[in-house]
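Subject: Structure handover

Hello,

Here is the structure I promised to pass on. Please open it beside this email and follow along as you read.

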Amino acid sequence: MHIADIVKLQGSTFSFEFFPPKSDTMAADLFQNISELAPLKPSFVSVTYGAGGSTREMTHELVVKLRTTTPLDPIPHLTCVCHSRAEIEGILERYAAAGISNIMALRGDVPRGLPEGESAWKDFRYAADLVKCIREFNVGRAHPDRRGFGVGVAGYPEGHAETPNRLLELDRLKAKIDAGADFIVTQLFFDNRDFYDFRSRCELAGIRVPIIAGVMPITSLAGMQRMADLALGSRFPAPLIRAINRTGGDADAVKRVGVHWATEQCRDLLDHGVAGVHFYTLNRSTATREIYATLGVRDSQDLRGV
Ligand code: FAD
């Protein structure tokens, strides 16, 4: 089912993001965590796509495995950097044949170590070009849904690092919607006011598709540092930093504070009629399960009409 239809049906969605495991041990670990997350009946799950060549096939493998061996509805991420149109169409053919209903369409970042003289930009320059390509692919191709794939794109409540100013940010997001995207999943954020302001700016820009909020609980100081290093745009609000500082670096306390913060974010987002919350799980189940438990939500079906 298309994500926009799931949101219409459920009111609010809860969904999870995974990345493809790089070894058999990591795969076993991931499927253990997935077996713990499946009873939460996520509205959908998404699987990231590596910008470099070597891990790309793993996304397809994991998506097909989730589709065929679990009750989960997987959405592959797809980046257009370093891909030709023919390659993208080949990938879409395989996902259509596997009965996949939605694709997250992203530009991706130029991988480190790209051979000298090789351009990352073949037939696509921006995510909007990929969205357009998927929409064109949808016309007249064999797909279980006669409308073809639903298409999601990335949104940045705090702005994308390469966008020179915040007014352009919304123009560029709007270009992805005009090209045919029908839902948005946001970058993670820690202050809901950034999300609400982003949502209002989308409305002013005439963006009417569901906006799903990306949430990632801090579970360690090292993880927090990584989020900052990756320049995800994450603004750590002063009350969050104060709460983390009070732990004195105690690992269990940092995790409790991080999960509590994310739980409060989710409760507040639900109270403000969010279309959905997408949990960046890092292939772990504990934090997400704790958030559901503290919210009193048995599974994502409990979100219907609340
Ligand atoms: P775009 O929307 O194309 O934007 C990229 C930049 O180009 C922006 O600064 C934008 O302002 C600018 N731009 C857009 N159009 C124009 C134009 N016409 N003229 C000039 N400038 C323009 N990365 C991965 O490698 N794999 C993943 O699986 C993955 N999943 C993600 C999931 C989510 C929910 C999010 C938020 C990000 C994800 N990313 C992933 C990261 C993403 O690929 C990077 O943030 C990337 O830098 C931008 O991708 P985009 O799709 O937002 O690109």
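**Cavities and pockets**

The count comes to one cavity of 30 Å³ or more. Keep in mind that this is a predicted model. Empty space is found by rolling a probe the size of a water molecule over the atoms.

How much space lies in the largest cavity? About 30 Å³. Its lining is made by F190, M216, P217, I218, L240, G258, W261, A262 and Q265. Select those residues and you will see the walls. Helix α10, residues 251-271, gives the most to this lining, with four residues. By type, the lining has seven nonpolar residues, two polar ones and no charged ones.

Next, the second largest pocket. About 380 Å³ of space lies in this pocket. It is lined by 22 residues, and the closest to its centre are T219, T281, L282, N283 and R284. Four elements give two or more residues each to the lining: α2 (24-37), α8 (221-229), β8 (276-280) and α11 (286-295). What types of residue line the second largest pocket? Eleven are nonpolar, seven are polar and four are charged.

**L282, from the pocket to its backbone**

Stay with L282 for a moment. L282 is among the residues closest to the centre of the second largest pocket. It sits in the loop between β8 and α11. Most residues other than glycine have a negative phi. Phi of L282 is near 55°, a positive value in a residue that is not glycine. Is L282 buried, exposed or partly exposed? L282 is partly exposed, because its relative accessible area is 47%, which falls between the 20% and 50% cut-offs.

**Around the ligand**

Now turn to the ligand. There are 21 residues around the ligand, and Y49, D109, Y156, H160 and K176 come nearest. Three of the contacts are worth finding on screen.

- Y49: a polar backbone atom of this residue is 2.7 Å from a nitrogen atom of the ligand.
- H160: an N or O atom in its side chain is 2.8 Å from an oxygen atom of the ligand.
- K176: an N or O atom in its side chain is 2.7 Å from an oxygen atom of the ligand.

So Y49 makes its contact through the backbone, while H160 uses its side chain, and K176 uses its side chain too.

**Cysteines**

How many disulfides does a search of the whole structure find? It finds zero. Two cysteines show why.

Take C82 first. Its closest cysteine sulfur is in C80, and the two sulfurs are 9.6 Å apart. A disulfide needs the sulfurs within 2.5 Å, so 9.6 Å is too far for a bond. C82 lies in the loop between β3 (74-79) and α4 (85-97). Its phi is near 70°, another positive value in a residue other than glycine. C82 counts as buried, because its relative accessibility is 10%.

Now C202. For this residue the closest cysteine sulfur belongs to C266, at 19 Å. That is too far for a bond. C202 is buried as well, with a relative accessible area of 0%.

**Distances along the chain and in space**

Here are three pairs to compare. Each gives a separation in sequence and a C-alpha distance.

Start with K8. This residue lies in helix α1, residues 3-10. K8 is exposed, with a relative accessible area of 70%. K8 and R304 are 296 residues apart in sequence, and their C-alpha atoms are 9.9 Å apart in space.

Then D182. It lies in the loop between α6 (166-178) and β6 (183-188). At 16% relative accessibility, D182 counts as buried, because the cut-off is under 20%. D182 and D302 are 120 residues apart along the chain, and 24 Å separates their C-alpha atoms.

Last, P111. You will find it in the loop between β4 (102-106) and α5 (127-138). P111 is buried too, at 18% relative accessibility. P111 and D129 are 18 residues apart in sequence and 19 Å apart in space, C-alpha to C-alpha.

Try drawing these three pairs on screen yourself.

Best wishes

Key:
Residues numbered from 1 in each chain as written. Predicted model: local features only at pLDDT ≥ 70, side-chain atom pairs only at ≥ 80, totals over all residues. Heavy atoms only, no water. Buried < 20%, exposed > 50% of the residue type's maximum accessible area, 1.4 Å probe, protein only. 1 Å grid on protein atoms, 1.4 Å probe; cavity = no way out; pocket = protein on both sides within 12 Å on 5 of 7 lines; lining within 4 Å. Points joined across faces, edges and corners; volume = space filled by probe spheres on them. Nonpolar A, V, L, I, M, F, W, Y, C, P; charged D, E, K, R; others polar. Near = heavy atom within 4 Å. Polar contact = N/O pair within 3.5 Å; in protein donor to acceptor, adjacent residues only side chain to side chain.
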